[in-house]
Amino acid sequence: MILLKDILYKVTLESVVGNTAVAITNIHFDSRQVSLNDVFVAVRGTQSDGHEYIAKAVNQGALAIICEELPEKTVNGITYVKVADTSSALATIASNFYGNPSANLKLIGITGTNGKTTIASLLYQLFQKAGYKTGLLSTVKILVDKTEYKATHTTPDSLTINKYLAEMSEAGVEYCFMEVSSHGIHQKRTEGLHFEGGIFTNLSHDHLDYHDTFAEYRDVKKKFFDELPKTAFALVNNDDKNGPIMVQNTKAKKVTYALKSYADYRAQILENQLSGLLLKIQDQEVWVKLIGSFNAYNLLAIFATAELLGLDQMEALQLLSELESVSGRFQYFISEGNVTAIVDYAHTPDALKNVLETINDIRTKNEELITVVGAGGDRDTTKRPKMGHIASALSTKAIITSDNPRTEKPETIIEQVEAGVEPINYKKILSITDRKQAIKTACQLANPGDIILIAGKGHETYQEIMGERFDFDDYKIVQETLKQLNK
């Protein structure tokens, strides 16, 4: 039996109306899910305000209401708890409700613009290979040791996070690797969690539809490191000018990694081929199956984390060489007709530039590089022309198409992407609204030896149009099209 007063531990209360020594069943911040003897937390979201649904929650059987403003009329027998910030309170309440599971395992948070999914997923893979029960909370999926669940957000809400962490704790999981998004930090979803360490990858143009300025976006990321305990480590990319800023006020142990500047963990790229990378890490050579300088950074962060968590250096290097790339992250195959197709999640200017520069470093320049690219609807519009500029400048042909248009007209998004194309590159571009047709056209244009990059959606197996999700898988479409063309 859980009492309301038990889950309010460490929550700063402003006022209480009613009894807190009552037994509760569950906690919800969505009034539609409330049933008998539940607690309803009225959270102010970007779309709606939970305070408007307090009466509905009471009608559905809520026993207690956590809110920032008490309703004008309170109902007898219902406990009302007023707090300064319900998002923050929800995180602490969720942690208490599930028995503070993050304290029972070593939780590592990964934040930054690019590389979060790759680092979290490969750390999961590495620690599994090392023989540990491991958990993963990522954009692609949630894993409780070997049990898989579907992910809906990069950083889930605090109730979902704690529910899965409790399941991990129950299953004997020792390490959990978690992507921490700027939205998640800003909405206080990670408050109340005990982190063993934090990793900062890099910072570039993204989410300026949500954060008003780049400085605000950076400072939200920094907040994650500000709140790490002194028992944790803060591992930051020293080649990114924002790396030192992240750890200015942290109490955690500061550790750096870099390819170009002085750092605690250093790596050098000796060879970069389509089959992999030859790296020198801490003066030891290691061959890995991933490619590109962006993956050299990811792998160095993974190696450093493994060592900081107590793995032997040689064991960590051995396991690093066995890692396989993550679904939709530079996922490639070579068709029977000798066309190389690459599917990548690159949906920010920086990520797209990294992937295209990596391909250009590897290719001989005798072959065409055909890029299929778009931009998501209802998201940061300022990055659209930058995507068009990069795709057209760094490819021999660029096909501009729709991504997840959501509630916007795909044609409008495409026009905004095209606006960044310089006149010298006009002859390189085609615009095809239908994404499937755009991929098929890229395949038809490709000759033996050519390379096709399909950017933007990566691991996603849907396309979101006007509130509906339709089955759509870039990797499957390009595979099937090239197979048919080869016949």
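**Exercise 1. Determine what share of the contacts in the protein chain with a separation of 6 or more comes from residues 24 or more positions apart, and describe the overall form of the chain.**

Residues 24 or more positions apart account for 64% of the contacts in the protein chain with a separation of 6 or more, where contact means heavy atoms within 4.5 Å. The model is predicted, so local features need pLDDT of at least 70 and side-chain atom pairs count only at pLDDT 80 or more, while totals for chains, interfaces and linings use all residues. Residues are numbered from 1 along each chain as its sequence is written, and side-chain values use heavy atoms, with hydrogens and water left out.

Step 1: the protein chain holds 15 helices and 26 strands, which are DSSP runs numbered from the N terminus (helices H or I, at least four residues; strands E, at least two). Step 2: the radius of gyration, taken over C-alpha atoms, is 24 Å, close to the 23 Å that the globule rule gives for 487 residues, so the chain is as compact as a globular protein of that length; the rule itself is 2.2 Å times the number of residues to the power 0.38. Step 3: of the 487 residues, 55% count as buried, the term meaning under 20% relative accessible area, with exposed over 50% and partly exposed in between (1.4 Å probe, protein chains only).

**Exercise 2. Work out the strand order of the open sheet of five strands, and establish how β7 pairs with β6 and with β2.**

Step 1: the order is β2-β7-β6-β5-β4, with mixed pairing, and two strands are said to pair if DSSP finds at least two bridges between them. Step 2: the edge strands are β2 (13-17) and β4 (27-28), each of which pairs on one side only. Step 3: β6 (residues 64-67) and β7 (residues 79-83) pair in the parallel sense over four bridges; I66 has V81 of β7 as its bridge partner, and A64 has T79. Step 4: β2 and β7 pair in the antiparallel sense, again over four bridges, and L13 stands opposite V83 in β7. Step 5: four of the five residues of β7 are buried, so this strand is largely enclosed by the rest of the structure.

**Exercise 3. Locate Q248 and decide whether this residue is buried or exposed.**

Step 1: Q248 lies in the loop between α8 (243-246) and β15 (253-258). Step 2: the relative accessible area of Q248 is 51%, and the residue is therefore exposed. Step 3: leaving aside neighbours within four places in sequence, Q248 is in contact with K222 and K254.
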